[in-house]
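Hi there,

I have a structure to hand over to you, and I hope you enjoy looking through it. Please open it first, then read my notes below.

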Amino acid sequence: GPMSHPIRPDSYIAMDNFYTATVYRKGAEVIRMYDTLLTTEGFRKGMDLYFQRHDGSAVTCDDFLAAMADANEVDLSQFARWYSTSGTPVVSYSTAFDAEKGVFRLTLSQKSRSDEPLL
């Protein structure tokens with residue numbers, strides 16, 4: 001189904017079969033997640049470094065990730081798993097309210113097709 005293969009698959013049949021709508025949609029979502037994780041300012045710092053390093057060059061997903069990580073002095077190795085994960089994660093939630101204590105509890109869980117957690 002839609003969004004079912006990774007942005008960077010381990011293999012592909014032909015290059016003209018690689019750049020699908022799924023790759024572009026999921027790629028855009030990963031870019032948005034960088035902006036959320038690093039803040040808009042941090043994302044901009046990463047973009048500036050990325051263009052400084054790679055303007056006019058052929059690049060990889062790892063080059064982009066490295067620029068984001070280096071510009072913000074963060075470890076994005078766990079985040080890199082998004083590039084090779086099939087499908088999109090499903091986030092579920094449950095709520096509970098303890099009226100006596102006045103406490104509201106929100107529990108979130110995430111599942112994906114990845115064998116390793118995408119934390």
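**What I found**

The chain has 2 helices and 2 strands in its secondary structure. If you follow the sequence from start to end, these elements come in the order α-α-β-β. Please keep in mind that this is a predicted model.

Some overall values will help you get your bearings. The chain has 119 residues, and 29% of them count as buried. Its accessible surface is about 8,500 Å², with 53% of that belonging to carbon and sulfur atoms. If you take the contacts between residues at least 6 apart in sequence, 43% of them join residues at least 24 apart.

**The helices and the core**

Which residues have the most contacts inside the largest nonpolar core? They are Val30, Tyr34, Phe64, Leu65, Met68, Leu76 and Phe79, in a core of 19 residues. Two elements, α1 (21-54) and α2, each give two or more residues to this core. The helix that gives the most is α1, with 8 residues. As background, nonpolar side chains in soluble globular proteins tend to be buried together.

Try clicking on Leu65 to see its surroundings. Leaving aside residues up to four places away in sequence, Leu65 touches Tyr34, Leu76, Phe79, Ala80 and Tyr83.

Next, have a look at Asn72, which lies in helix α2 (residues 61-72). Is Asn72 buried or exposed? Its relative accessibility is 17%, so Asn72 counts as buried, the cut-off being under 20%. With the residues up to four places away in sequence again left out, Asn72 is in contact with Leu38, Gly42, Lys45 and Gly46.

**The strands and the surface**

Now turn to β1 and β2, which pair in the antiparallel sense over 9 bridges. One pair to find is Asp98 and its bridge partner in β2, Val103. The hairpin of these strands has 4 residues between them, and there Gly102 takes a positive phi near 70°.

There is also a nonpolar patch on the surface, formed by Val91, Tyr93, Phe97, Phe104, Leu106 and Leu108, with about 730 Å² of accessible area together. The elements that give two or more residues to this patch are β1 (90-98) and β2 (103-111). One of its members, Tyr93, sits in strand β1. Tyr93 has a relative accessible area of 63%, so it is exposed, as the cut-off for that is over 50%.

Have fun exploring, and write back with any questions!

Best wishes

Conventions
Residues numbered from 1 in each chain as written. Predicted model: local features only at pLDDT ≥ 70, side-chain atom pairs only at ≥ 80, totals over all residues. Heavy atoms only, no water. Patch = residues over 30% accessible without salt bridge, like charges linked within 9 Å, V, L, I, M, F, W, Y side chains within 5 Å. Areas by Shrake-Rupley, 256 points an atom, 1.4 Å probe, with all protein chains shown as cover. Salt bridge = Lys/Arg side-chain N within 4 Å of Asp/Glu carboxyl O. Buried < 20%, exposed > 50% of the residue type's maximum accessible area, 1.4 Å probe, protein only. Pairing = 2+ DSSP bridges. Contact = heavy atoms within 4.5 Å. Core = buried A, V, L, I, M, F, W, Y, C linked by side-chain atoms within 4.5 Å.
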